[in-house]
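Please look over the fold shown here. The report below goes through its sheets, helices and ring contacts.

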Amino acid sequence: MLNLDMIYHASFVLKDVVRKTNLVPSPAINPECNVYLKPENLQLTGSFKVRGSGYMISQLSEEEKARGVIACSAGNHAQGVALAATKYGIKSLICLPDGAPISKVEATKGYGADVCLVKGVYDDAYKKALELRDECGYTFVHPFDDERVIAGQGTIGLEILSDLDNIDAVVVPIGGGGLIAGVACAIKKLKPKCKVYGVQAQGAPSMLNSIANKRIERLDSVSTIADGIAVKEPGANTFELVNKYVDGIVSVTEDEICSAILALIEQHKMIAEGAGAVSVAAVMFNKIPVKGKNVVCVVSGGNIDVTILSRVIKRGLYKTGRSCELCIELMDKPGQLQKVAEIIAANGGNVISVSHERGSETEDINGCFLRLILETRNYEHIAEINKALTDAGLRLHNERGN
């Protein structure tokens, strides 16, 4: 079974493999508590995964090392295994679904792994990896449900405790549970009074449901921007460790995740993927009792697909009242747009998009709709602008951000 000695040994073994990520104070995330970030998104491969795979691979026998390792992943685990195997001079083969982003495929190759693209989805790639393991004698590196992998992830807990003495709570993302199992074991063994909370996306609450119902449960489907923690079923080992050491599990919405990603970009110039930002989202939106506490949020990874980053930022702006959409019913006559623009400008709003629609849906036959997108400061600012417009006799229809 996993124990503190294994985690300490993993820390010693990994000292030349991983980067120590120092805590970053983050006072604006939640002004009611003292927040620190554990930026594993700045790790060598952009996520914490290299810790677990690195320690697991280091503990293989010479015979196993000679045969090589195999893994299945569409993201962070693939790169962690590839880098760790290369560090130890071991052949690695990663099975990826053929629809995996080209950037992730090339990154995995760049760390020294051979890549086998498998037609279909993750489950097809996983099946192929097991077939190749049995056929060629590779050692399979599980992404989370292996005690050596969990011990490697637990080194994060040791680093947190070495950086901050008076810590009250640690908040950790949960997918399959390997990260929080290792971190919670280290924290609870060394500082039992420190709380450890897990966070899942609302669209993938497999561990949350399993712990609540006291048995491992498999979800029929998962749907979340936090693809790194979109796991249908937790592991047997991780379930037991989470049940033993973790104080509570909460979930966050897609809008809350996007808001956390945006906050990290603006406040720290730090890029986090959805899975990495859920811990920050939980603290930002008071999903856990952190008022007056010293709290560490583990930002587990930063490998977000840049093609969706703009959409994430846009959604985060709406969620935090930094942007809104207005629909105003007007008479279709000269001067109406000028009147609206003057009111918005006088109240400090910035118009970034205008759409003018003539149609039959207005009450007045000569009416029209003016749709605007505004840059705003917060929800209070939006309310001020809305009041100024209605006080001027304009009719507003509910739109996004109001």
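What follows runs from the overall build to single residues.

**Overall build**

This is a predicted model, in which local features need pLDDT of at least 70, side-chain atom pairs count only at pLDDT 80 or more, and totals for chains, interfaces and linings use all residues. Residues are numbered from 1 along each chain as its sequence is written, and side-chain values use heavy atoms, with hydrogens and water left out.

The protein has 15 helices and 14 strands. Helices (H or I, at least four residues) and strands (E, at least two) are DSSP runs, numbered from the N terminus. Along the principal axes, the C-alpha atoms fill a box of roughly 85 × 50 × 40 Å. Of the 402 residues, 53% are buried. Buried means under 20% relative accessible area, exposed over 50%, and partly exposed in between (1.4 Å probe, protein chains only). Contact means heavy atoms within 4.5 Å. Among contacts with a separation of 6 or more, 72% come from residues 24 or more positions apart.

**The mixed sheet**

Two strands pair if DSSP finds at least two bridges between them. An open sheet of 6 strands has the order 1-2-10-7-8-9, and its pairing is mixed. Strand 1 (24-25) and strand 9 (248-252) are at the edges, each with a single partner strand, so one side of each lacks a neighbour in the sheet. Helix 12 (residues 274-284) packs on this sheet. Helix 12 touches strand 2 (34-39), strand 7 (169-173), strand 8, strand 9 and strand 10 (294-299). The direction of helix 12 makes about 160 degrees with that of strand 10. Axes here are lines fitted to C-alpha atoms, for helices over the stretch in contact, and angles run from 0 to 180 degrees between N-to-C directions.

Asn30 lies in the loop between strand 1 and strand 2. Is Asn30 buried or exposed? Asn30 has a relative accessible area of 3%, so it counts as buried. Leaving aside neighbours within four places in sequence, Asn30 is in contact with Val35, Val283, Met284, Asn286 and Val290. From Asn30 to Lys119 the C-alpha distance is 44 Å, with their positions 89 residues apart in sequence.

**The parallel sheet and helix 4**

A second open sheet has 4 strands in the order 5-4-3-6, with parallel pairing. Its edge strands are strand 5 (114-118) and strand 6, each pairing on one side only. Helix 5 lies across strand 4 and strand 5, at about 150 degrees to strand 5.

Helix 4 (residues 76-87) is largely enclosed by the rest of the structure, because 10 of its 12 residues are buried. The buried residues include Asn76, His77 and Leu83. Their cover includes helix 2 (49-58), strand 3 (69-72), strand 4 (92-97) and helix 5 (102-110). The expected span of a helix is 1.5 Å times one less than its number of residues. For helix 4 that gives 16 Å, and its end C-alpha atoms are 17 Å apart, which agrees. Just after helix 4, Gly89 takes a positive phi of about 70 degrees.

**Strand pairs**

Strand 11 (residues 323-331) is mostly covered, with 7 of its 9 residues buried. Strand 11 pairs with strand 13 and with strand 14, as the table shows.

| Strands | Bridges | Sense | Facing residues |
|---|---|---|---|
| 11 and 13 (residues 367-375) | 9 bridges | antiparallel | Met331 and Gly367 |
| 11 and 14 (residues 395-397) | 3 bridges | antiparallel | Glu329 and Arg395 |
| 3 and 4 | 4 bridges | parallel | Val69 and Ser92 |
| 8 (residues 195-201) and 9 | 5 bridges | parallel | Tyr197 and Gly248 |

**Rings**

The structure holds 1 aromatic pair. Tyr126 and Phe140 form this pair edge-to-face, 5.8 Å centre to centre and with 80 degrees between the planes. Rings of Phe, Tyr and Trp (its six-membered ring) pair if their centres lie within 6.5 Å; planes under 30 degrees apart count as stacked, over 60 as edge-to-face and the rest as tilted. Tyr126 lies in helix 6 (residues 122-136) and Phe140 in strand 6 (residues 139-140), so the pair ties together parts 14 residues apart in sequence. Tyr126 is partly exposed at 31% relative accessibility, whereas Phe140 is buried at 13%.

Charges also sit over rings. The criterion is NZ of Lys or CZ of Arg within 6 Å of the ring centre and within 35 degrees of the ring normal. Lys15 lies over the face of Phe12, 4.0 Å from the ring centre. The charged end of Arg371 sits over the ring of Phe369, at 5.6 Å from its centre.
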